[in-house]
Amino acid sequence: MTTKHVRQSADFGNKSIGKDGFDFSCHPGVSCFKDCCRKLDLYLYPYDIVRLKNGLSLSSSDFLYKYTRVSEGSHPYFPSLMLLMNDDSEHLCPFLGEEGCLVYKDRPSSCRTYPVERAVERVPGSRSLTTHYFITNHAYCKGHAEDKHYTIRKWESEQQLFDFNLMNDLWAQVDAFFATNPWQGEGTAGPLQQLAFMVCYNIDEFRGYYNDHKLWKHSGLDKSSRRLIERYDAELLKYGFQWLLTMLGGQDSNRLV
Ligand code: SF4
Ligand code: SF4
């Protein structure tokens, strides 16, 4: 899975980032400030939705209804979600304000990581993941000409990407499992896939399901894990990912790493 923040423009190239790092800086003084927050194909991953809906004090259902559209995923067996751009000629991001991003603290992974792209793949025959980094260079983005140097570690630290990367890596494993068409003959959009959609994208509804079905009783969760799940949506999402893998795959080989 790669994090994608794709402006609808063909004038770009990308290259692998080595140990030497890269030069880049984005700030209100660049001539292109806010140019990248329009006409975007901006994918939202499950943890992005948790962060945004909490930052906006919305329920996940309301967030999905107001700000997302369903799109084709990377495979035919589970949909992706994209941020709905404003329905006008500029197609601005709905979170773009006069001074910049209105949801900066909770902005999605793709906005945090841009212009870096992070791709994760599982080492064949093992549980290890390898990570590759690329830098995207759109002609409209003047941040590449700025005199500020980053290593990947420094970039990820400054952009507070560690939680996002962790959650997106778990999501990548779940989505890879969905790509095996695990819907047990129901096909896509059947009850099982709808349940999975709720777990991955509608965390408040899943919290209701978790409580109504007393899922903790059947999961062997200890008290401290249960308390974390009760308190934090991100913990519930992690639990939900593992619950889906176990329920759909029914085997321990699907444990998240
Ligand atoms: S420097 Fe690049 S990322 Fe920053 S505002 Fe300009 S186009 Fe966007
Ligand atoms: S969420 Fe913020 S940073 Fe991302 S496209 Fe929208 S305004 Fe720009």
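A nonpolar core is a set of buried Ala, Val, Leu, Ile, Met, Phe, Trp, Tyr and Cys residues joined through C-beta atoms within 7 Å. Keep that in mind as we walk through this structure, which is a predicted model.

**How sure is the predictor?**

Averaged over the chain, the pLDDT is 89, and 90% of the residues reach 70 or more. Residues 7-11 are a weak spot, with pLDDT below 50, and this stretch has 10 contacts in the model beyond near neighbours in sequence. Where pLDDT is low, the predicted coordinates should not be read in detail.

**Two domains and what lies between them**

The chain splits into domain 1 (5-173) and domain 2 (175-254). Their C-alpha centres are 25 Å apart. How many residues make contact across the two domains? On the domain 1 side there are 18, and they touch 19 residues of domain 2. α1, α2 and α5 each bring at least two residues to that side of domain 1. Sorted by type, the side of domain 1 that touches domain 2 has 12 nonpolar residues, six polar and no charged.

Now for the core. The largest nonpolar core has 43 residues, and those touching the most other members are Leu44, Tyr47, Val174, Leu236, Leu237 and Leu244. Elements giving two or more residues to this core include β4 (40-44), α1 (46-55), α5 (162-178) and α10 (233-249). Where does this core lie with respect to the two domains? Both domain 1 and domain 2 give residues to it, so the core lies between them.

Let's zoom in on Tyr47. Setting aside neighbours within four places in sequence, Tyr47 is in contact with Phe164, Met167, Asn168, Trp171, Ala234 and Leu237. A separate core of five residues lies apart from the big one, and among its members are Cys111, Tyr114, Val116 and Ile135.

**A helix that is mostly hidden**

Tyr47 is one of the buried residues of α1, alongside Pro46, Asp48, Ile49, Val50, Arg51, Leu52 and Lys53. That makes eight of the 10 residues of α1, so the rest of the structure largely encloses this helix.

**Two ligands and their surroundings**

Ligand 1 has Cys26, Val30, Cys32, Phe33, Lys34, Asp35, Cys36, Tyr114, Tyr140, Cys141, Lys142 and Gly143 around it. This shell divides into eight nonpolar residues, one polar and three charged. Around ligand 2 you'll find Cys37, Leu40, Cys93, Phe95, Leu96, Cys101, Val103, Arg107, Pro108 and Cys111. Here the split is nine nonpolar, no polar and one charged.

**Backbone oddities**

Most residues other than glycine have a negative phi, and most peptide bonds are trans. Here are some residues with a positive phi:

| Residue | Phi |
|---|---|
| Lys34 | near 80° |
| Ser57 | near 55° |
| Lys214 | near 45° |

Lys34 is in the loop between β3 (22-23) and β4, and Ser57 follows α1. Lys214 sits in the loop between α7 and α8 (215-218). Is Lys214 buried or exposed? Lys214 has 9 C-beta neighbours inside 10 Å, so it counts as exposed, 12 or fewer being the cut-off. Lys34 has 16 other C-beta atoms within 10 Å and is partly exposed.

Which two residues does a cis peptide bond join? They are Tyr114 and Pro115, with omega about 15°. Pro115 is placed in the loop between α3 (109-113) and β9 (116-122). Tyr114 has come up before: it is one of the residues around ligand 1.

Conventions:
Residues are numbered from 1 along each chain as its sequence is written. Chains are lettered from A and ligands numbered from 1 in the order in which they are written. This is a predicted model: local features need pLDDT of at least 70, side-chain atom pairs count only at pLDDT 80 or more; totals for chains, interfaces and linings use all residues. A residue is near a molecule or strand if its C-beta atom, placed from the backbone, lies within 6 Å of it. Ala, Val, Leu, Ile, Met, Phe, Trp, Tyr, Cys and Pro count as nonpolar, Asp, Glu, Lys and Arg as charged, and the others, Gly among them, as polar. A residue is buried if 20 or more other C-beta atoms lie within 10 Å of its own, exposed if 12 or fewer, and partly exposed in between; C-beta atoms are placed from the backbone. Helices (H or I, at least four residues) and strands (E, at least two) are DSSP runs, numbered from the N terminus. Domain bounds come from an automatic or database domain assignment. Two residues are in contact if their C-beta atoms, placed from the backbone, lie within 7 Å. pLDDT is the predictor's confidence in each residue, from 0 to 100.
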